[in-house]
Structure formats: C-alpha cells, structure tokens
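Subject: Structure handover

Hello,

Here is the structure I said I would pass on. My notes on what turned up in it follow below.

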Amino acid sequence: GQQDQQEGREYGLGHDDERAQACAQLLREWSQALYSFLRNGKDWFARTGAKGAVDRPLAQALLLHLQRELCAVLAGRAQSELGLLLQERLDLSRLHRLDAALVQAQEALYIGNSGVNPALVLDWLATRLFQWLRQA
C-alpha cells in the first residue's frame, strides 16, 4: 500500500510505486529474518550466503532500517518485534555499541572503490548483535 511505497522510497530502493512496494516488502523480509536469527540463531547465514542475495543497496537499506529501530528504542517508542527485542534485552551500554557497530558497518560498505562484501558486513553485524543479546 501507500506505506510500502513510502518506505521503499525512503530507503532509496524504489522510485515508481510498484518497485517501492516490492523493495519495502524485501526489507521487511530481511528485517524479519534478522529478528528470527536473533531469537533462534538459525537460518541467517543460509540467507546471506545465497549467491546474489545481498547487494550494497539492500545492505545499506537494512542498516538504515536498523538505525531507525535503534532511534525508536532510545526514544522509548519501539513498536516492531525487532525494536521491542532490542529494548527489552539491551542496556544503554549495548545500545551504544550497536550504534557504533552500525556506523562501522556503513563505512565498511564503502571502503576503497568497492567496499567489503555486503553479505559479510550484514553477517558481522548480525553475529555481534546475537552475541550482545545472549550476554544480556
């Protein structure tokens, strides 16, 4: 719907309505996959390891989505499953670590001419977050 179109455009993934909706749906699927991985430790690497599954724009969009989730948590307005999980399980110190890790991940996407493999960047972030949630 209209919210999908807006989300797709906000993340820079789609300009026409149909593409914006498809991109927003893709982003929701990846966000849900991350949430599932953080809960059960399964299936993330099969998803990121599939050839061509993660490109730079998708990784960037997911990182931006995670930054928005973090902002909502810090503002006390988490509503999504992922945001509520972060709010419930991470103390302020770990939330700050997440913020720094998101910056590092974004920088890694653009190191040199081509950056680090986007799937590896997402795997690195997912494993850090998984570890912090387990230590909480």
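The secondary structure consists of seven helices and zero strands. Following the sequence from start to end gives the pattern α-α-α-α-α-α-α. Please keep in mind that this is a predicted model.

Some overall figures for the chain come next. It has 136 residues, and 42% of them are buried. Of the contacts between residues at least 6 apart in sequence, 61% join residues at least 24 apart. The accessible surface is about 7600 Å², and carbon and sulfur atoms account for 49% of that surface.

Next, the interior. The largest nonpolar core contains 37 residues. Within this core, Leu 38, Trp 44, Leu 98 and Leu 129 have the most contacts. At least two core residues come from each of these helices: α2 (17–40), α4 (56–74), α5 (81–89), α6 (92–109) and α7 (118–135). If you want a place to begin looking, take Leu 129. Setting aside neighbours within four places in sequence, Leu 129 is in contact with Leu 38, Leu 86, Leu 90 and Leu 98. Two of these partners, Leu 38 and Leu 98, are also named among the residues with the most contacts inside the core.

The other item concerns a charged residue. Asp 123 lies in helix α7 and is buried, yet it has no salt bridge. Which side chain of opposite charge is nearest to Asp 123, and how far away is it? The answer is Arg 47, at 9.7 Å. A salt bridge requires a side-chain nitrogen of Lys or Arg within 4 Å of a carboxyl oxygen, so Arg 47, 9.7 Å away, does not form one with Asp 123.

What Asp 123 does have is a polar contact, side chain to side chain, with Thr 48 at 2.7 Å. Not counting residues up to four places away in sequence, Asp 123 touches Trp 44, Phe 45 and Thr 48. Trp 44 is one of the core residues listed above for having the most contacts.

Thr 48 belongs to helix α3 (residues 44–49), so its polar contact with Asp 123 links α3 to α7. Is Thr 48 buried or exposed? Thr 48 counts as buried because its relative accessibility is 4%, and the cut-off for buried is under 20%. Apart from neighbours within four places in sequence, Thr 48 is in contact with Trp 30, Val 54, Ala 119 and Asp 123.

Regards

Conventions:
Residues are numbered from 1 along each chain as its sequence is written. This is a predicted model: local features need pLDDT of at least 70, side-chain atom pairs count only at pLDDT 80 or more; totals for chains, interfaces and linings use all residues. Side-chain values use heavy atoms; hydrogens and water are left out. Helices (H or I, at least four residues) and strands (E, at least two) are DSSP runs, numbered from the N terminus. Buried means under 20% relative accessible area, exposed over 50%, partly exposed in between (1.4 Å probe, protein chains only). Contact means heavy atoms within 4.5 Å. Accessible areas come from the Shrake-Rupley method with a 1.4 Å probe; for residues, only the protein chains shown count as cover. A nonpolar core is a set of buried Ala, Val, Leu, Ile, Met, Phe, Trp, Tyr and Cys residues joined through side-chain atoms within 4.5 Å. Lys and Arg count as positive and Asp and Glu as negative; His and the chain ends are not counted. A polar contact is a pair of N or O atoms within 3.5 Å; within protein, one must be able to donate a hydrogen and the other to accept it, and residues adjacent in sequence count only if both atoms are side-chain atoms.
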